[in-house]
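Here is a short tour of charged side chains, with an eye to how they pair and where they sit. Please keep the structure open as you read.

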Amino acid sequence: MDAGGVMAPRPDFPSGLVLDTHKEQASLAPIFDVPPPALLRFALDQGSGDGLEPVVTVGATVAVGSVIARPTGEFAVPLHSSVSGRIVAIESHESGSDGGACLCIDVENDGLDTRDASLRQPADFAALDPATLVERLREAGIAGLGGAGFPTATKLAVARSRGARRLVLNGAECEPWICCDDALMRVRADEVLLGARVLMRAIEAETCVVAIEDDKPAAVEAMQAAAQANAIDGVSIQVVPAVYPQGAERQLITAVAGVEVPSGGLPADAGYVCQNVATAGAVARWARTGEPLMSRVVTVTGGGVAEPRNVHARLGTPLATLVAAAGGYRGEPLRLIAGGSMTGRSLASDDVGLTKAINCVFVATREDLVPRLHAVEVACIRCGDCARVCPAGLLPQQIHRAVLAQDAAAAVQFGVWDCIDCGCCDYVCPSQIPLALRFREERLRLREREFAAERATAARERHERHERRQQQAALAQQREFDAARDEARRASGTPDPGASR
Amino acid sequence: VRFETSPAPHVIAGYTVPRVMFQVLLALAPVCLVHVAVLGPGLLLQLFAAGVTALLCEAAALRWRDRATLPALRDGSVLVTAFLLALSLTPLLPWWLTVLGTACAVLLGKHVFGGLGQNPFNPAMVGYAILLVSFPVEMTRWPVPLDADATRDWGELARLTFATFVGGTEVHWDGYTGATALDSIRTGLEQRYTMSELLSRGDVVGPLGARGFEWINLAALAGGVYLLARGIIRWHIPVAVLAGLLVPAFLAHALDPGAYVGPLTHAFSGATMLGAFFIATDPVSAATSDRGRLWYGAGVGLLVWIIRSWGGYPDGVAFAVLLMNVAVPLLDRYTVPRIYGRTRE
């Protein structure tokens with residue numbers, strides 16, 4: 001497409017983009033097991049934003065599977081050491097997540113792989129009651145491996161409380177460059193299906209659909225063969241068109257089931273739970289071995305990597321080690337991106353340790369990023385190409401106008417909170433406006449304003465309470481004074497001036 | 001190893017506004033060729049005068065507004081405005097009117113509102129409307145299409161055109177100018193000729209529509225289809241404009257063929273195709289959602305038909321577009337598409 005027009009999306013998928021996927025090279029190479037490095041770094045923000053607090057101190061010894069951090073909120077799960085060794089530092093570093101820097105626990109690997117005594121024997125998941133099963137998955141530190149890092153147990157618990165009984169396993173993997181789920185499904189289809197059975201048990205699911213994009217025929221074949229061999233009730237494999245952002249949770253549920261997730265609601269409100277296939281793989285590993293989540297498959301790719309491939313690595317492994325496992329840097333690497341080219345986070349350093357949420361290390365060169373690198377923003381001409389590709393059905397041009405006019409109410413009305421931050425609008429905009437960024441900034445402003453409003457309300461109430469107390473004190477003082485004066489007058493015989501009126 | 005960081009998405013398609021504008025100019029090329037073949041070389045003079053004026057006005061306005069001049073001049077949008085205006089004008093217009101109209105289009109139509117992307121009205125149509133209401137005589141003097149009269153000579157037409165362009169007062173136009181087809185039909189009907197009498201005169205309509213103009217319309221249709229195929233414009237506005245014009249034209253003609261021009265003649269006369277594919281599709285001044293664009297286009301088409309049938313002007317594309325521009329904020333307000341996961345409120 002050199003015309004300046006918008007590439008027509010597939011007729012069977014009304015919005016979104018058909019993108020160059022850049023997956024072939026990495027997906028063809030076998031999965032490489034990265035030996036655990038000498039030093040590992042565990043970020044206390046594992047991707048879901050909500051924090052963890054360390055339960056170890058510098059100098060403590062840890063073993064494989066030792067809990068090193070506990071959640072402070074609902075949106076995190078325990079974090080386990082993936083090696084045995086010694087805690088050498090707990091300091092703030094770049095996290096690899098949206099939040100920027102966070103506390104990180106550095107573990108010096110003793111190379112012995114001593115197992116923590118607390119590691120459970122594998123439990124018979126079919127014998128566990130579903131609520132207990134969900135709690136076990138929480139203790140096992142299992143979180144969404146598709147890029148969000150959201151605690152699996154929290155999602156399952158919400159689903160249970162709202163009676164959502166249909167499971168969708170997300171094997172769409174629509175984002176360019178990333179192919180770790182494809183590799184996993186091809187190599188460990190049985191494992192994914194075992195995970196599906198556990199997850200189905202946890203929500204007492206009626207059905208489970210494994211959705212895979214049609215540009216991964218080998219994965220489809222492997223999963224279909226495994227599904228036939230295992231013959232699990234209610235499990236089916238569904239091929240969906242390869243259109244970005246097909247793998248976004250809401251969009252996938254709509255593609256698979258034809259229902260929409262209500263705005264401001266959760267998939268559970270539509271009766272669905274969506275889990276990544278890699279998450280299912282982690283669940284299966286827990287079911288087989290009793291081990292918590294301590295490793296994952298991650299794609300190391302991009303023009304700046306010598307041998308793009310998928311690697312299996314322990315959590316905490318520095319990204320530099322992962323790049324080295326893929327042949328090291330090549331040419332002039334310009335950006336280090338955790339994730340794919342559309343939604344990945346651009347990182348400042350390769351010291352960042354692998355988190356649960358990082359599914360891809362994309363080392364981009366100039367060629368991989370042109371023409372974004374040379375983008376020159378001009379005024380919006382209201383061409384509406386952004387609206388055509390928006391998978392959320394928004395009018396990005398109108399949200400943008402509201403943002404420019406600092407009209408927060410209009411931005412909300414046009415759906416700035418319904419934006420899923422996929423970046424499709426940026427991709428096609430002929431005015432090269434960084435729309436997704438503008439909308440992220442607007443949401444931040446709205447959130448800050450909300451906090452400020454809450455703070456202001458709290459301050460006003462505090463002030464009013466203070467005023468009331470002062471008034472009451474003043475009244476009491478006045479009464480005391482009046483009483484004392486009356487007392488004095490009575491004593492001296494002076495008539496009360498008020499009494500003569 | 002340290003890296004620079006940047007926000008997602010990290011890749012874009014690399015479409016640009018200049019590319020969009022260049023494609024529009026390219027699609028106008030066949031229209032210009034046919035125009036010159038049928039109505040003489042006047043268009044080339046108009047394109048030149050309008051183009052130069054537009055660039056100068058754009059540069060001056062940007063300078064006054066303290067904006068960078070070169071990127072805006074290079075984006076091609078002002079040339080699209082100038083060329084659409086030039087194509088709407090009679091090729092026999094004196095240069096100073098072309099300059100005046102273009103200056104109005106760029107300065108009053110575009111920059112007083114804040115330049116590219118900010119103008120509520122189609123700038124070319126602003127310039128055209130100002131000229132039409134101010135200089136009705138000059139603006140309605142059209143050359144007789146060369147295919148309407150075989151005795152006319154392209155060279156002589158060229159000589160007369162140039163003489164008028166530079167402002168000569170002693171130009172003898174005898175036989176080389178005349179009413180356009182839409183104008184002839186209007187005055188003919190007023191003089192109580194029947195439609196069949198008017199249409200039987202060979203110099204009024206050809207196999208498709210107005211003599212001469214039918215071929216220009218055909219070229220504009222081809223250019224429009226090219227823009228559709230390249231994804232530069234989308235189908236909603238052109239289809240709605242044509243439907244808004246042709247459906248009432250068909251119904252009225254079916255009911256009273258003696259008083260109303262048929263749909264085919266409407267489709268291939270005046271500025272129908274240029275308006276449907278190139279003028280009404282200006283995204284800046286059109287409605288922005290798909291549904292809004294359908295209403296917008298239908299409104300333009302219907303107004304063209306109303307003005308042609310009962311209005312004071314033989315063609316109505318400019319006024320129809322400007323009137324619908326006024327309606328855009330309303331259309332945009334009531335045609336917001338349903339957002340994913342929301343019920344329509």
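Let us begin with A:Asp269 and A:Arg162, whose side chains meet in a salt bridge with an N to O distance of 2.7 Å. This pair links distant parts of the chain, as the two residues are 107 residues apart. A:Asp269 lies in the loop between α7 (249–257) and β12 (272–276), while A:Arg162 belongs to helix α3 (residues 152–162). A:Asp269 counts as partly exposed, at 38% relative accessibility, and A:Arg162 is partly exposed with a relative accessible area of 44%. Do keep in mind that this is a predicted model.

Side chains of opposite charge can pair when their charged atoms come close. Over all chains, the count comes to 29 salt bridges. Three of them are set out here, each linking distant parts of chain A.

| Salt bridge | N to O distance | Separation along the chain |
|---|---|---|
| A:Asp269 and A:Arg162 | 2.7 Å | 107 residues |
| A:Arg314 and A:Asp113 | 2.9 Å | 201 residues |
| A:Arg115 and A:Glu291 | 2.9 Å | 176 residues |

In the pair of A:Arg314 and A:Asp113, the arginine is in strand β14 (residues 309–314) and the aspartate is in the loop between β8 (101–109) and α2 (130–139). A:Asp113 has a relative accessible area of 32%, so this residue is partly exposed.

The loop between β8 and α2 also holds A:Arg115, which forms a salt bridge with A:Glu291. On the other side of that bridge, A:Glu291 sits in the loop between α8 (277–289) and β13 (295–301). Are these two partners buried or exposed? A:Arg115 is partly exposed, with a relative accessible area of 44%. A:Glu291, in contrast, counts as buried because its relative accessibility is 13%, under the 20% cut-off. The pair is also part of a wider arrangement: A:Arg115, A:Arg285 and A:Glu291 are linked in a network of salt bridges.

Finally, have a look at the surface for a group of like charges. Which residues gather in a patch of positive charge there? They are A:Arg462, A:Arg465, A:Arg468 and A:Arg469. One of them, A:Arg468, is found in helix α15 (residues 435–492). A:Arg468 counts as partly exposed because its relative accessibility is 45%, which lies between the 20% and 50% cut-offs. Members of such a patch have no salt bridge, so A:Arg468 and its companions in the patch stand apart from the pairs described above.

Methods. Residues numbered from 1 in each chain as written. Chains lettered and ligands numbered in written order. Predicted model: local features only at pLDDT ≥ 70, side-chain atom pairs only at ≥ 80, totals over all residues. Heavy atoms only, no water. Patch = residues over 30% accessible without salt bridge, like charges linked within 9 Å, V, L, I, M, F, W, Y side chains within 5 Å. Areas by Shrake-Rupley, 256 points an atom, 1.4 Å probe, with all protein chains shown as cover. Salt bridge = Lys/Arg side-chain N within 4 Å of Asp/Glu carboxyl O. Lys, Arg positive; Asp, Glu negative; His and termini not counted. Charge placed at Lys NZ, Arg CZ, Asp CG, Glu CD. Helix = DSSP H or I, 4+ residues; strand = E, 2+ residues; numbered from the N terminus. Buried < 20%, exposed > 50% of the residue type's maximum accessible area, 1.4 Å probe, protein only.
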